[in-house]
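I wanted to go through one model slowly and write down what I looked up, in the order in which I looked it up.

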Amino acid sequence: MVVSLPQSGADAQLAQDFVEFAVDAGVLRFGQFTTKAGRISPYFFNAGLFDDGAKMARLSEFYAKAILASGVAFDMVFGPAYKGIPLAATVAVELARQGKNVPFAYNRKEAKDHGEGGSLVGAPLKGRVLIIDDVMSAGTAARESIALIQGAGAIPHAMAIALDRQEKATENGKDVAHSAVQYVRDQLGMQVCTIAKLEDLLAFLAQGAAADSMREHHSQVLAYRERYGVGN
């Protein structure tokens with residue numbers, strides 16, 4: 001079983017800075033949102049709203065710092081279609097800027113039947129592959145990426161995501177005791193690197209400048225976690 005390491009002070013600060021950035025960018029929103037599992041969530045994280053160059057540059061910096069701080073070993077990065085494509089590309093650029101230059105690749109949803117053909121674009125998949133995505137809800141996209149990487153003869157070694165919602169996954173329409181992140185980590189044996197977790201969001205809502213304006217959201221998010229939450 002792969003065990004998550006506790007956050008250091010630097011990791012915790014990076015997580016708080018990321019949550020603040022996501023809120024300011026309008027990517028992390030509060031209200032009533034229906035999740036894929038049919039739950040009414042008091043918050044929603046939509047990485048598609050990192051929609052200009054400055055936001056993507058800052059986002060990729062958060063990813064690269066979290067990945068390098070985690071100590072995870074990898075030989076290349078992979079972005080699953082569609083949201084993972086710009087993430088893999090920009091994170092690869094930022095990793096190179098921070099001194100770790102690695103190849104990257106991504107897949108098409110539909111295989112190309114002309115030109116070079118196939119469903120993979122970019123560097124050949126080989127070695128230990130780090131999959132980069134935004135969030136993990138059910139683990140379905142992760143399993144698809146894992147199968148594709150293994151089919152190419154490479155090793156699906158780790159995942160990096162922006163936000164771990166730390167909530168129960170669903171299987172066949174029913175809640176299960178583990179989250180999608182825990183499933184990928186404990187059952188598939190892959191390290192999962194996250195920039196921030198739900199507990200970091202709760203900490204942000206409870207303290208500092210956000211406390212007064214976000215107090216109502218804190219109580220709602222806390223109640224949601226008490227109902228659907230899991231541990232680390």
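**Serine 60 and its surroundings**

I began with serine 60, which I found in helix α2, keeping in mind throughout that the model is a predicted one. I then asked whether serine 60 is buried or exposed. With a relative accessible area of 5%, serine 60 falls under the 20% cut-off, and therefore I noted it as buried. Leaving aside residues up to four places away in sequence, I listed Thr90, Val91 and Glu94 as the residues that serine 60 touches.

**The pair α2 and α3**

I next looked up how helix α2 (residues 53-70) lies against helix α3 (residues 84-97), and found that their axes come within 8 Å and cross at roughly 70 degrees. Because of that angle I recorded α2 as roughly perpendicular to α3. I entered the crossing in which α2 passes α3 as right-handed. For the contact, I noted Met56, Leu59, Ser60, Glu61, Tyr63, Ala64, Ile67 and Leu68 on the α2 side, and Pro86, Leu87, Thr90, Val91, Glu94 and Leu95 on the α3 side. Sorting the residues of this contact by character, I obtained 10 nonpolar, 2 polar and 2 charged.

**Nonpolar cores**

Which residues have the most contacts inside the largest nonpolar core? I found Phe18, Phe45 and Phe50 in that role, in a core of 49 residues. I followed up phenylalanine 45, which, not counting residues up to four places away in sequence, touches Phe18, Ala22, Val27, Leu28, Phe50, Val135, Ala162 and Leu163. Apart from the largest core I noted another, of 18 residues, including Val129, Ile149, Val181 and Val184.

How values were computed
Residues are numbered from 1 along each chain as its sequence is written. This is a predicted model: local features need pLDDT of at least 70, side-chain atom pairs count only at pLDDT 80 or more; totals for chains, interfaces and linings use all residues. Side-chain values use heavy atoms; hydrogens and water are left out. Axes are lines fitted to C-alpha atoms, for helices over the stretch in contact, and angles run from 0 to 180 degrees between N-to-C directions. Helices (H or I, at least four residues) and strands (E, at least two) are DSSP runs, numbered from the N terminus. Angles under 35 degrees count as roughly parallel, over 145 as roughly antiparallel, 65 to 115 as roughly perpendicular and the rest as oblique. A crossing is left-handed if the near helix is turned anticlockwise from the far one by less than a right angle, and right-handed if clockwise. Contact means heavy atoms within 4.5 Å. Ala, Val, Leu, Ile, Met, Phe, Trp, Tyr, Cys and Pro count as nonpolar, Asp, Glu, Lys and Arg as charged, and the others, Gly among them, as polar. A nonpolar core is a set of buried Ala, Val, Leu, Ile, Met, Phe, Trp, Tyr and Cys residues joined through side-chain atoms within 4.5 Å. Buried means under 20% relative accessible area, exposed over 50%, partly exposed in between (1.4 Å probe, protein chains only).
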